[in-house]
Amino acid sequence: MPARPRGLTDGQAALFPLQRPSPPPSERSMETPLSNAFLFDLDGTLVDSVYQHVLAWREALDHEGIALSVWRIHRKIGMSGGLFTHQLLREIDKDVGPDMAERLRVLHAEAYQRLVHSVVPLPGASDLLKTLSEQNIPWAIATSGRMETAGANLKALGVDPDIATVVTRDQVQHAKPDPDLFVEAARRLDVPIERSIVVGDSIWDMLAAARCRALGVGFLSGGYGQNELERAGALRVYEDPGDLLHHLDEVASRSN
Ligand SMILES: [Mg+2]
């Protein structure tokens, strides 16, 4: 059953401006239509890869002799790898030094490469991006993953990072739940972050959106629940990219 977005309160409505980003000054005119920009998380938002990542992390942790239940790993997915391992190991009261963090990162990337063949786009993902492009609504992908894992996901999605705007973990100082990835994506699109819509499947995406005053839109496709996403700041929650595409007029400003 589709997740029905809840109505906005008056306060939220005030935060949900029907504003559109300014085009570059050279292109600006009274006739230029303006629209919001969409800044997408990748794993669990555009590609169905959350469980492959969870299992890859478990394999990496197993290799280091660290036993951790799969559900505990899942709860931290969406953070950057470094922060992720630090928080995971804090739960079992174990310190992680830079050497172990790096070993875990490499082990995870190797394990993920063995699982990535099963990663496919989430329903409607390609159509959503295509529709945004057709409507001249700017969009970008901002992922906590490094290109070593994100590259295969982008390939599965049919997005060429040399053409589309893609920001990866290795291109910013801090990853989610810090907002650097989304701020950088908005900067590259030349859209004010306050007029951007951050779309993600995890509470870390929603927290990052709140920290940079972007609007948060949540998806259920990564395994987090609607209430969790809303408590973390999501103004709307949809099942997956196809569900957002079906309700695009609820969140996107008209571009023409
Ligand atoms: Mg995600």
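R213 sits in the loop that runs between helix 9 and strand 5 (215-219), and it's one of the backbone oddities worth a look here: its phi is positive, about 60 degrees, although R213 is not a glycine. Keep in mind that this is a predicted model. The average pLDDT is 84, and 83% of the residues score at least 70.

**Confidence**
- Among the elements, strand 1 (residues 37-40) has the highest mean pLDDT at 98, while helix 1 (residues 10-14) has the lowest at 37.
- The pLDDT stays below 50 over residues 1-34, though this stretch still has 41 contacts in the model beyond near neighbours in sequence.
- Where pLDDT is low, the predicted coordinates shouldn't be read in detail.

**The sheet**
- Six strands make an open sheet in the order 3-2-1-4-5-6, and the pairing is parallel.
- The edges belong to strand 3 (166-167) and strand 6 (234-238); each has a single partner strand, so one side of each lacks a neighbour in the sheet.
- Strand 1 and strand 2 (residues 139-142) run parallel to each other over 3 bridges.
- F38 stands opposite W139 of strand 2.

**Cores**
- The largest nonpolar core holds 54 residues, and the members touching the most others are F38, L39, F182 and V198.
- There's also a second, separate core of 13 residues, with A56, L61, F84 and A111 among them.
- Setting aside residues up to four places away in sequence, V198 touches L39, F182, D205, A208, A209, A214, L215, G216 and V217.

**Helix 5 (residues 98-115)**
- With 18 residues at 1.5 Å each, helix 5 should span 26 Å, and its end C-alpha atoms are indeed 26 Å apart.
- L104, H108, A111 and Y112 are its buried residues.
- Looking down the axis of helix 5, those buried residues fall within an arc of 100 degrees, so they line one face.
- P98, D99 and R114 are exposed on the other side of helix 5.

**Helix 6 (residues 125-134)**
- Here the buried residues are A125, L128, L129 and L132.
- They fall within an arc of 95 degrees when helix 6 is seen down its axis, so they too line one face of the helix.
- K130 and E134 are exposed on the other side of helix 6.
- The buried residues of helix 6 pack against strand 1, strand 2, helix 7 (147-157) and helix 11 (241-246).
- Just after helix 6 comes N136, with a positive phi of about 55 degrees.

**A210 in helix 9**
- A210 belongs to helix 9 (residues 203-211).
- It counts as partly exposed because it has 17 C-beta neighbours inside 10 Å, short of the 20 that would make a residue buried.
- Apart from neighbours within four places in sequence, A210 is in contact with G216 and G233.
- A210 and A234 are 24 residues apart along the chain, yet their C-alpha atoms are separated by 8.8 Å.

**Loop backbone checks**
- R213 is partly exposed, since 13 other C-beta atoms lie within 10 Å.
- D190 has a positive phi of about 60 degrees although it's not a glycine.
- D190 lies in the loop between helix 8 and strand 4 (196-200).
- D190 is partly exposed as well, because it has 13 other C-beta atoms within 10 Å.
- The peptide bond from K176 to P177 is cis, with omega near 15 degrees.
- P177 is in the loop between strand 3 and helix 8 (180-189).

Key:
Residues are numbered from 1 along each chain as its sequence is written. This is a predicted model: local features need pLDDT of at least 70, side-chain atom pairs count only at pLDDT 80 or more; totals for chains, interfaces and linings use all residues. Helices (H or I, at least four residues) and strands (E, at least two) are DSSP runs, numbered from the N terminus. A residue is buried if 20 or more other C-beta atoms lie within 10 Å of its own, exposed if 12 or fewer, and partly exposed in between; C-beta atoms are placed from the backbone. Two residues are in contact if their C-beta atoms, placed from the backbone, lie within 7 Å. A nonpolar core is a set of buried Ala, Val, Leu, Ile, Met, Phe, Trp, Tyr and Cys residues joined through C-beta atoms within 7 Å. The expected span of a helix is 1.5 Å times one less than its number of residues. The arc is that of the directions from the helix axis to the C-beta atoms. pLDDT is the predictor's confidence in each residue, from 0 to 100. Two strands pair if DSSP finds at least two bridges between them.
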